[in-house]
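Work through these exercises with the structure open beside you. Try each task before you read its solution.

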Amino acid sequence: MTAGPLDVAAQPAARFERRAMGSPLRLTVVGVPDARAADAWAAVSAAIEEIEQSLSRFRATSDLVALNTRAGDPTSAIVDPWLYAALAAAERAWRRTDGAFDPRVIGDLERLGYAGAAVGSGEARPEPAPSSRLSVFPDGRWLHRDPRRRGVAIASPIDLGGIGKGLALRWALARLTTALPELGEPAVGALLEAGGDLVARGVAPQPGPWLIGVEDPEGGPEPAVVALEAGAVCTSSISVHAWLAPDGRRVHHLLDPRTGEPGGDGLVAVTVAAPDPAWSEVWSKALFLEGQRGIGPRARSLGLAAWWMRTDGTLEMTPAARERTVWLAADGEAEARC
Amino acid sequence: MPPLAAARPPAAARPLAATRRPIHVVVAVGMTAGLYALSLAGVTALQSATDAQLAADRAPAAGAVAQLKSTHDAMEGSLDRLASAYAKVANGYQAITDGIVGHEQALAALRQQVEAAAGSAAALSVPSFSRLPAVSGSAVTVRSQPVVNACTTASGKPC
């Protein structure tokens, strides 16, 4: 954990960092004494630890791993509130995206050789391979829920992945708001980051909104800077989780559930800004799978603020995203030539 | 030849008892009639009391029957009104059905027009991909790249 002022700060800001959910977890707090900021970080860190212990597929002792070992068993198992809420959210996302988001693609990921990144103290325990793709119960559903008992039954192993990280940010922000009630005051703000997914509340260190750089997955300079006043910005990218499949093909982790193969033809990253980080994550994944031909119409029809980078390095965006974009490298280059 | 008087005894010589009804028979008949009258009076009194009791017992039932008849009359009136309303709705439904048939015909005609338009569109040569012009709707745009607070780095690398 580190703490210190930001270079861009016009007012003091405390910054904390540690690893969680397979990526860096960072918290920037503005406008409160360091001791209060440290208390807030402790609350956030504890919340993330609880959530990861429940939702991680890479912790042998997690509730999700235990549930995956029961995949295919129609009798309900009682799970903790985090996992129950996450499964309910995943089912809603699956319905809302017409199946473009599907947590059952874990079987296809393993078939393609994806092992993920083991994190935490426990050893990852492999789930049994599903007998068929996207298994369902005889009634056609893949998830049975009993809300009164918090009982669930899954038809095949699942990986909460991106939506799990989005939900973790949502719940950690709620814990942060409880620990730091002054977060709603005019001169107080916070930014919580987890592996490129961000959620912000309140003021930034500098005058104006929080400024978020859109990453070039190929390592080039940032092509755009986005303003974020309150809400989330999440990205689905193939810059990290890409590997060679057993048959020698280069594949990535963003699989199209309808084909079981990597999707998003012609795209390398999609970023979505939305009020909630979990839905921002879900839509960034679903839009990525539309590929460079379908993403524009789909994002515009949904009214989303979305930015996407094509394999040739071109950054495109929806009108709603353009309204949030405060700087574009392409505009800067054009103005420099004038 | 003997004289007639000597041959027939005189009438006054017959005994009196042989010519009158016995008194006990009259008394017996009178007593029997009296007893019958008394029995009849007693039975009539008993019957009358029983009838009165029965009438008193049946009075609530009669009231209930009258109430039932009144309710039945009211129900009959309601059924008449409902039948009238049903007939009115059935007429309205028939009118809607007629309207739907008209709309279906209009939709069929529209479908033919759409198919004709789709055929014309398919015959056109259009590019498979077109880039939209840049939208200038940003509320705040700065000339130089600002210092950012964070990046969308999936790898989590600091920006």
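## Exercise 1: An enclosed helix

Twelve of the twelve residues of α6(A) are buried, so the rest of the structure largely encloses this helix. The model is a predicted one.

**Task.** Find which residues of α6(A) are buried, and compare the reach of α6(A) with the span expected at 1.5 Å a residue.

**Solution.**
Step 1. Start with the aromatic names: Trp279(A), Trp283(A) and Phe288(A) are among the buried residues of α6(A).
Step 2. Add the others: Pro277(A), Ala278(A), Ser280(A), Glu281(A), Val282(A), Ser284(A), Lys285(A), Ala286(A) and Leu287(A) are buried too.
Step 3. Now take the length. From first C-alpha to last, α6(A) reaches 16 Å. The expected value for its twelve residues is also given as 16 Å, at 1.5 Å a residue.

## Exercise 2: Two helices side by side

**Task.** Work out how α5(A), residues 161-179, and α6(A), residues 277-288, are arranged.

**Solution.**
Step 1. Find the distance and the angle. The two axes come within 7 Å and cross at roughly 160°.
Step 2. Apply the cut-off. Angles over 145 degrees count as roughly antiparallel. α5(A) and α6(A) are therefore roughly antiparallel to each other.
Step 3. Give the handedness: α5(A) passes α6(A) in a right-handed crossing.
Step 4. List the contacts. α5(A) contributes Gly162(A), Ile163(A), Lys165(A), Gly166(A), Leu167(A), Leu169(A) and Arg170(A). They meet Pro277(A), Ala278(A), Ser280(A), Glu281(A), Val282(A) and Lys285(A) of α6(A).

## Exercise 3: Further partners of α5(A)

**Task.** Describe how α1(A) and α3(A) each meet α5(A).

**Solution.**
Step 1. Take α1(A), residues 34-55. This helix packs with α5(A) at an angle of about 145°, and the axes are 9 Å apart. The crossing is right-handed.
Step 2. Look at the residues that touch. Among those from α1(A) are Ala43(A), Ala47(A) and Ile51(A). Those from α5(A) include Ala168(A), Trp171(A) and Arg175(A).
Step 3. Turn to α3(A). Its axis and that of α5(A) come within 10 Å and cross at roughly 120°. That angle makes α3(A) oblique to α5(A).
Step 4. Name the contact residues. Ala86(A), Ala89(A), Ala90(A) and Ala93(A) of α3(A) meet Ile163(A), Gly164(A) and Leu167(A) of α5(A). α3(A) also passes α5(A) in a right-handed crossing.

## Exercise 4: One tryptophan

**Task.** Is Trp171(A) buried or exposed? Which residues does Trp171(A) contact, leaving aside neighbours within four places in sequence?

**Solution.**
Step 1. Place the residue: Trp171(A) lies in α5(A).
Step 2. Count its surroundings. Trp171(A) has 20 C-beta neighbours inside 10 Å, so it counts as buried.
Step 3. Find the partners. Beyond those sequence neighbours, Trp171(A) is in contact with Ala47(A) and Ile51(A).
Step 4. Check the separation. Trp171(A) and Ile51(A) are 120 residues apart in sequence. In space, their C-alpha atoms are 8.5 Å apart.

## Exercise 5: Positive phi

**Task.** Where do Asp98(A) and Arg150(A) lie, and how many C-beta neighbours inside 10 Å does each have?

**Solution.**
Step 1. Asp98(A) is in the loop between α3(A) and α4(A). Its phi is near 55°, a positive value in a residue other than glycine. With 9 C-beta neighbours inside 10 Å, Asp98(A) counts as exposed.
Step 2. Arg150(A) is in the loop between β4(A) and β5(A). Its phi is positive as well, about 60°, and Arg150(A) is not a glycine. With 17 C-beta neighbours inside 10 Å, Arg150(A) counts as partly exposed.

## Exercise 6: A long helix in chain B

**Task.** Check the span of α2(B), residues 23-123, then find where α2(B) has a kink.

**Solution.**
Step 1. Set out chain B. The order along the sequence is α-α-β.
Step 2. Check the span. At 1.5 Å a residue, the 101 residues of α2(B) should span 150 Å. The end C-alpha atoms are 141 Å apart, which agrees.
Step 3. Find the kink. A kink of about 35° lies at Ala59(B), shortly before Pro60(B).
Step 4. Look at burial. The count of buried residues in α2(B) is zero. Across the 159 residues of chain B, 4% count as buried. For chain A, with 338 residues, the value is 51%.

How values were computed
Residues numbered from 1 in each chain as written. Chains lettered and ligands numbered in written order. Predicted model: local features only at pLDDT ≥ 70, side-chain atom pairs only at ≥ 80, totals over all residues. Helix = DSSP H or I, 4+ residues; strand = E, 2+ residues; numbered from the N terminus. Expected span 1.5 Å × (residues − 1). Bend = angle between axes of the 7 residues up to and from the residue. Axes fitted to C-alpha atoms, helices over the stretch in contact; angles between N-to-C directions. Parallel < 35°, antiparallel > 145°, perpendicular 65-115°, else oblique. Left-handed = near helix turned anticlockwise from the far one by under 90°. Contact = placed C-beta atoms within 7 Å.
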